[in-house]
Amino acid sequence: MKNTFHAARLSKSIRLRRVLAVLRASRRSGITTLALNRLAHSTRSSSDVSELRTNGFEIACKFVGTTPDGLRIHRYHLQ
């Protein structure tokens, strides 16, 4: 069975355009997953970033630490 990933096209997705706008605005310092979720009104920012990558955007993700509860914190950077 072939694994496939369906990604929305940026031109037709308001959600992806919102996420991209937030990533562009935070280009200098990057943005954490939680902040991206809040600012882009998304509940699945990691999937949104994957879809943007499929649309040709280079987005780096770096592990930056853990919360006091042990949750992993990642920061996204639009290249």
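## Starting from helix α3

The buried residues of α3 pack against α1, α2, β2 (59-66) and β3. Keep in mind as you look around that this is a predicted model. Which residues of α3 are the buried ones? They are Ser-45, Asp-48, Val-49, Glu-51 and Leu-52. Viewed down the axis of α3, these buried residues fall within an arc of 160°, so they line one face of the helix. A general point about helices helps here: an α-helix has 3.6 residues a turn, so residues three or four places apart point the same way.

One residue of α3 is worth a stop. Asp-48 is found in this helix, and it is buried, with a relative accessible area of 0%. Leaving aside residues up to four places away in sequence, Asp-48 touches Arg-15, Leu-16, Val-19 and Ser-42. Once α3 has ended, the chain comes to Gly-56, whose phi is positive, near 100°.

## Helix α1 and its buried face

Now let us turn to α1. With 12 residues at 1.5 Å a residue, α1 should span 16 Å, and its end C-alpha atoms are 16 Å apart, which agrees. The buried residues of α1 are Leu-16, Val-19, Leu-20, Val-22 and Leu-23. Seen down the axis of α1, they fall within an arc of 160°, so they line one face of the helix. On the other side of α1, Ile-14 and Ala-25 are exposed.

What do the buried residues of α1 pack against? Their partners are β1, α2, α3, β2 and β3.

## Where α1 meets α3

Two packed helices are described by the angle between their axes and the distance between the axes. For α1 and α3, the axes come within 10 Å and cross at roughly 90°. That crossing makes α1 roughly perpendicular to α3. On the α1 side, the contact is made by Arg-15, Leu-16, Val-19, Leu-20 and Leu-23; on the α3 side, Asp-48, Glu-51 and Leu-52 take part. Asp-48 appears here again, and its own contacts include Arg-15, Leu-16 and Val-19.

## Helix α2

Helix α2 covers residues 33-40, and Leu-36, Asn-37 and Ala-40 are buried in it. Looking down the axis of α2, the buried residues fall within an arc of 100°, so they line one face of the helix. Are Arg-38 and Leu-39, on the other side of α2, buried or exposed? Both Arg-38 and Leu-39 are exposed.

The buried residues of α2 pack against α1 (14-25), β1 (31-32), α3 (45-54) and β3 (72-78). Just after α2 comes His-41, which takes a positive phi of about 55°.

## The three-stranded sheet

The strands form an open sheet of three, in the order β1-β3-β2, with antiparallel pairing. β1 and β2 are the edge strands, and each pairs on one side only. Helix α1 packs on this sheet, touching β1, β2 and β3, and its direction makes about 85° with that of β3.

How many bridges join each pair of strands? β1 and β3 pair in the antiparallel sense over two bridges, while β2 and β3 pair in the antiparallel sense over seven bridges. In the pairing with β1, Ile-31 has Tyr-76 of β3 as its bridge partner. Other partners in β3 can be picked out too: Arg-75 is the bridge partner of Lys-62, His-74 stands opposite Phe-63, and Ile-73 is the bridge partner of Gly-65. As a general rule, in a regular strand the side chains alternate between the two faces of the sheet.

## The hairpin turn

What links β2 to β3? The two strands form a hairpin with five residues between them. Within that turn, Gly-70 has a positive phi of about 90°.

Terms used
Residues numbered from 1 in each chain as written. Predicted model: local features only at pLDDT ≥ 70, side-chain atom pairs only at ≥ 80, totals over all residues. Heavy atoms only, no water. Buried < 20%, exposed > 50% of the residue type's maximum accessible area, 1.4 Å probe, protein only. Helix = DSSP H or I, 4+ residues; strand = E, 2+ residues; numbered from the N terminus. Arc of directions from axis to C-beta. Contact = heavy atoms within 4.5 Å. Expected span 1.5 Å × (residues − 1). Pairing = 2+ DSSP bridges. Axes fitted to C-alpha atoms, helices over the stretch in contact; angles between N-to-C directions. Parallel < 35°, antiparallel > 145°, perpendicular 65-115°, else oblique.
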